[in-house]
Amino acid sequence: MSQIKQLLQLHQQGKGIKFIARSLAISKNTVKAYLARTAALPESIPLLLALEDPVLEARYHAGNPAYKDERFEFLKSHFDYYTQQLKLVGVNRRLLWQEYRQQRPQGYSYTQFCFHLSQHLLARKPSMVLQHQPAEKLFIDFAGKKLCYTDAATGEVIDCHVFAACLPYSDYSFAMAVRSQSISDFLYALGCCLHELGGVPQVLVPDNLKAAVTKASRYEPDINRSMEDFANHYRTTVVPARARKPKDKALVENQVKLLYTRVYARLRNRQFFDLPSLNQAIAEKVKEHNQTRMQQKPWSREERFLSTEKHLLSPLPRQTFELKHYRELKVAQNNHVYLSEDKHYYSVPYSHIGTRVKLIYTRSLVRVYSKGEQIAVHARSCQPSGYSTSKEHLCSHHRHYLERSPEYYLEKAGKKSAVLCQFIELLFGQKRYPEQVYRTCDGLLRLQSKAAPEDFDRACRLAIECQSYSYRFVRNVLENKMASHAGEPKQDTPLPVHQNIRGRDYYAQTTIHF
């Protein structure tokens with residue numbers, strides 16, 4: 001998908017349709033179609049380049065991408081064999097086609113077989129002198145031989161791979177040692193190289209290592225997704241060298257040979273105890289190499305770079321590059337996705353339960369996409385078996401369950417009735433388990449929605465007077481229709497008149513007579 005961004009960047013740099021098609025190994029009609037689609041979109045090219053890949057994909061493609069033709073892949077893998085066989089006596093194209101059809105009965109017809117073979121033979125051209133433009137390309141490679149340092153704690157000798165790069169116009173070079181050729185180490189070294197140069201060239205030309213190219217191909221190599229993200233971040237493009245064609249980046253191959261003499265050989269008698277000290281020594285020797293006057297040229301590599309090339313490099317971005325990782329996962333029943341690398345769960349909106357979503361995560365953030373739209377963003381967490389949950393992603397029932405608290409119920413009761421709010425406040429004043437009180441409050445709120453407001457308020461007042469703070473008491477009052485008599489004043493009934501009443505004088509006498 002990032003190939004579209006490569007196309008847009010080349011178009012923004014003013015490159016023609018033929019150059020873009022040749023650089024990206026696509027047809028001119030495809031380039032024209034993409035540019036026409038871009039012109040019809042409401043967003044500008046800078047805004048399109050700022051979009052994430054799933055969002056940009058939804059702008060250009062509504063359906064699934066087309067599949068490659070397997071017949072051509074099989075035929076392409078046998079071109080070198082057919083070329084050698086044609087040199088033998090009695091071997092012609094028809095004989096080779098008949099053998100090809102025995103292996104692949106559903107393969108190309110004779111005409112198409114001859115056409116593709118002829119195209120392959122025509123492409124076998126002699127090498128030529130390439131004229132490079134300033135700040136146009138950066139050749140990238142790893143040296144075949146390694147440097148090492150000794151671990152001061154264990155005494156172990158640790159081998160390191162040496163990353164090498166050069167600008168072909170000035171032949172200005174860069175080198176540093178890394179622990180491996182993994183994606184993270186490769187992109188870290190490449191980032192250090194660009195910051196050392198102080199700018200970004202238009203094209204990066206790596207070798208066909210796995211950190212840069214996932215599937216090597218003469219015509220259509222598959223660029224590693226992380227490498228594409230790196231190129232998009234630095235607003236440049238990636239055009240890898242052809243597989244098994246070191247002449248495509250002959251200058252960096254020559255730089256590796258010079259590094260063996262001017263760096264490896266001069267450091268052979270020195271011992272290092274950590275990687276930073278080794279890289280510091282390499283940087284010093286590479287600086288001397290760049291400042292050495294070139295043979296048959298009146299300048300050094302550094303002089304030519306500073307005078308004619310550095311100011312033409314594109315500026316570096318303000319933010320540093322973060323390595324992106326990609327996953328496609330299914331949303332579980334609890335509306336979370338499980339990232340096995342972190343052993344952590346991240347929530348997505350509950351409406352996406354059972355669907356497959358795309359995750360793009362860096363060292364600090366986890367972004368979730370569905371159908372070209374970003375549906376969730378989380379700070380990355382490495383807490384094992386933990387959950388990162390946003391309340392907005394939960395359904396109303398689950399959200400209500402998590403939001404329960406005394407303040408929540410008092411606020412909700414205050415909107416219903418002042419008497420109910422007083423009753424719930426007294427309810428929480430008791431020393432009871434919170435879950436029991438929450439369920440009592442849910443029952444009272446449900447009774448309030450069904451009963452008449454006046455009867456419910458009377459029932460609550462009666463419960464307060466009797467100090468019986470329970471859902472069952474209020475429910476019984478309403479069911480027995482006692483609420484209608486709860487607020488009536490009591491009338492004093494006078495005693496009947498009879499002679500058995502002693503009166504006040506009886507109790508006032510000092511001597512009681514029986």
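Start by selecting S370: it is buried, with a relative accessible area of 9%. Keep in mind as you click around that this is a predicted model. S370 sits in strand β13. Show its surroundings and, leaving aside neighbours within four places in sequence, you'll find S370 in contact with H352, V357 and I375. Now add P54 to the selection. S370 and P54 are 316 residues apart along the chain, yet their C-alpha atoms are separated by 8.2 Å.

**Stop two: the sheet around β13**

Colour the strands β9, β12, β13 and β14. These 4 strands make an open sheet, in the order β9-β12-β13-β14, with antiparallel pairing. Which strands stand at the edges? They are β9 (325–330) and β14 (373–379); each has a single partner strand, so one side of each is left without a neighbour in the sheet. Turn the view and look at how the strands cross: on average, neighbouring strands of this sheet are turned by 25° against each other, direction ignored.

Next, pick out helix α5 (residues 53–60), which packs on the sheet and touches β9, β12 (356–361) and β13. The direction of α5 makes about 130° with that of β12.

Go back to β13 (residues 365–370) and look along its border with β14: the two run antiparallel, joined by 6 bridges. For one spot to zoom in on, select R367, which stands opposite V377 in β14.

**Stop three: T38**

Jump to helix α3 (residues 28–40), where you'll find T38. Is T38 buried or exposed? It is buried, with a relative accessible area of 10%. Sequence neighbours within four places aside, T38 is in contact with L8, I45, L48 and Y60.

**Stop four: the largest nonpolar core**

Select L138, F163, F186, L190, L197, M227 and F230. In the largest nonpolar core, which has 33 residues, these touch the most other members. Now colour by element: β1 (137–142), β3, β4, α10 and α11 (225–233) each supply at least two residues of this core. The biggest giver is α10, with 7 residues.

Zoom in on F186 and show what surrounds it. Leaving out neighbours within four places in sequence, F186 is in contact with I140, F142, F163, L209, A211, A212 and M227. Apart from this core lies another, of 22 residues; L420, L427, F456 and A459 are among them.

**Stop five: helix α14**

Select residues 301–308, which make up helix α14. Which of its residues are buried? They are R301, E302, R304 and F305. These cover an arc of only 165° around the axis, which puts them on the same side of α14. The background is helix geometry: an α-helix has 3.6 residues a turn, so residues three or four places apart point the same way. To see what lies against the buried residues of α14, add β3 (157–167), β4 (172–178), α10 (183–197), α12 (250–264) and α13 (275–291), the elements they pack against.

**Last stop: zoom out**

Show the whole protein, with its 21 helices and 15 strands. Of its 514 residues, 39% are buried. Switch on the surface: the protein exposes about 31,200 Å², and carbon and sulfur atoms supply 50% of that area. As for contacts between residues at least 6 apart in sequence, 61% join residues at least 24 apart.

Definitions and conventions:
Residues numbered from 1 in each chain as written. Predicted model: local features only at pLDDT ≥ 70, side-chain atom pairs only at ≥ 80, totals over all residues. Heavy atoms only, no water. Buried < 20%, exposed > 50% of the residue type's maximum accessible area, 1.4 Å probe, protein only. Arc of directions from axis to C-beta. Contact = heavy atoms within 4.5 Å. Pairing = 2+ DSSP bridges. Axes fitted to C-alpha atoms, helices over the stretch in contact; angles between N-to-C directions. Areas by Shrake-Rupley, 256 points an atom, 1.4 Å probe, with all protein chains shown as cover. Core = buried A, V, L, I, M, F, W, Y, C linked by side-chain atoms within 4.5 Å.
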